[in-house]
Amino acid sequence: MKKLVSLLFCVTIAAASVLYFSACGHKHVWGDWQRNTTEHWRVCTRNGCTAEDRSAHTEGTCSSCAYGFKVLSFGFDEGGDTAHSDFAKEANVWFAQKGEELGFSYTFVGTDYSKLNDQTLAEYDMVMFLNDRPSNHDQQNALQRFMENGGAWMGFHSCAFSMEGNNEYWTWYQSDFLGCGQYARNTWNPTSEPLTVETFEHCATKNMTEFTFTSAPCEWYGWEFDLKANEDVTVLLTLNPTQENPAGDQPDPNKQYEIWYEGSHPIAWANNNYNMVYMNWGHNLQSYNNGAEGTKSSTFSSEVQNQFMLDAMYGLVLNKVNAQ
Ligand SMILES: [Zn+2]
Ligand SMILES: [Zn+2]
Ligand SMILES: [Zn+2]
């Protein structure tokens with residue numbers, strides 16, 4: 001009888017708390033969501049536990065797994081800096097392909113910033129800036145409202161490149177939103193570098209397993225403001241060059257300042273007041289001759305970096321959907 005009671009108790013507990021605790025009291029540690037077109041599921045990653053949590057997607061962008069989210073992407077995939085447009089070309093292929101695989105939509109509208117208006121933005125979960133951003137004040141203000149209302153945003157490389165005195169200098173964006181202020185310096189040539197993971201406590205880094213990884217090649221930027229001193233900012237990844245392992249390989253003896261030998265340089269960060277992640281990569285190694293041998297690297301060549309981008313997208317979109 002005692003056995004039966006205890007068995008019944010166990011079954012009841014199991015049924016009542018299947019989402020959080022197993023019958024034997026362990027707290028399930030759920031893996032990431034997996035998805036098909038109608039439902040999402042995740043399995044407990046604890047040894048020997050076979051618990052599974054499965055249900056149908058919610059209406060619209062799924063509030064559990066973000067299935068069906070919508071990205072509106074801006075930038076130039078022709079003209080401008082060849083290395084920047086080359087990244088945008090690549091990004092358009094990569095994000096569209098991931099969207100098909102994983103169930104999100106990716107819409108690239110080039111530099112048609114007239115799409116940055118309240119009505120259009122209401123149809124999207126995330127705005128993406130590929131090496132560019134708007135200069136028109138109404139469009140800038142529409143992005144600011146979108147972000148202040150919990151919208152999700154990811155931006156790459158020179159979307160943060162700006163210097164005061166340019167007539168389109170966007171103070172809220174540089175100082176408050178990105179937190180970096182003006183562009184200050186860059187490495188040259190674009191190089192792959194070891195990046196340090198500064199925290200695993202963020203949606204973008206939660207699946208990382210190592211403290212450092214090798215990035216795809218990029219021209220790395222430095223900034224006016226010290227992002228690490230900004231308490232609203234969580235620095236996610238840093239570049240930490242040394243005398244032995246400098247960043248950049250500039251051969252020109254007059255431009256040796258483009259090789260960095262010291263410092264801890266923020267490469268990706270989040271502003272905790274907004275639902276955003278900025279990533280400094282987005283500049284492919286180029287010959288700048290435009291010919292067949294123009295492209296010499298891919299920003300999507302690092303699996304760790306790729307996972308970071310996807311995890312950031314899902315985390316930011318879920319924050320956005322669940323905040324509303
Ligand atoms: Zn479990
Ligand atoms: Zn779902
Ligand atoms: Zn660049």
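**Figure 1. Contacts and burial in the predicted protein model.** Of the contacts between residues at least 6 apart in sequence, 67% join residues at least 24 apart; a contact requires C-beta atoms, placed from the backbone, to lie within 7 Å. Among the 324 residues, 39% count as buried, that is, with 20 or more other C-beta atoms within 10 Å of their own. This is a predicted model, in which local features need pLDDT of at least 70 and side-chain atom pairs count only at pLDDT 80 or more, while totals for chains, interfaces and linings use all residues. Residues are numbered from 1 along each chain as its sequence is written, and chains are lettered from A and ligands numbered from 1 in the order in which they are written.

**Figure 2. The open sheet.** The sheet has 9 strands in the order 5-4-6-7-14-13-12-9-10, with mixed pairing. Its edges are strand 5 (105–108) and strand 10 (212–214), each pairing on one side only. Strands are DSSP runs of E of at least two residues, and helices are runs of H or I of at least four, numbered from the N terminus; two strands pair if DSSP finds at least two bridges between them.

**Figure 3. Strands 13 and 14.** Strand 13 (residues 265–271) runs antiparallel to strand 14 (residues 275–279), and 2 bridges join them. Trp269 stands opposite Tyr278 in strand 14.

**Figure 4. Helix 6 on the strands.** Helix 6 (residues 303–323) lies across strand 6 (126–130), strand 7 (152–156), strand 10 and strand 14. The helix runs at about 155° to strand 7, with axes fitted to C-alpha atoms, for helices over the stretch in contact, and angles taken from 0 to 180 degrees between N-to-C directions.

Technical notes: Two residues are in contact if their C-beta atoms, placed from the backbone, lie within 7 Å. A residue is buried if 20 or more other C-beta atoms lie within 10 Å of its own, exposed if 12 or fewer, and partly exposed in between; C-beta atoms are placed from the backbone.
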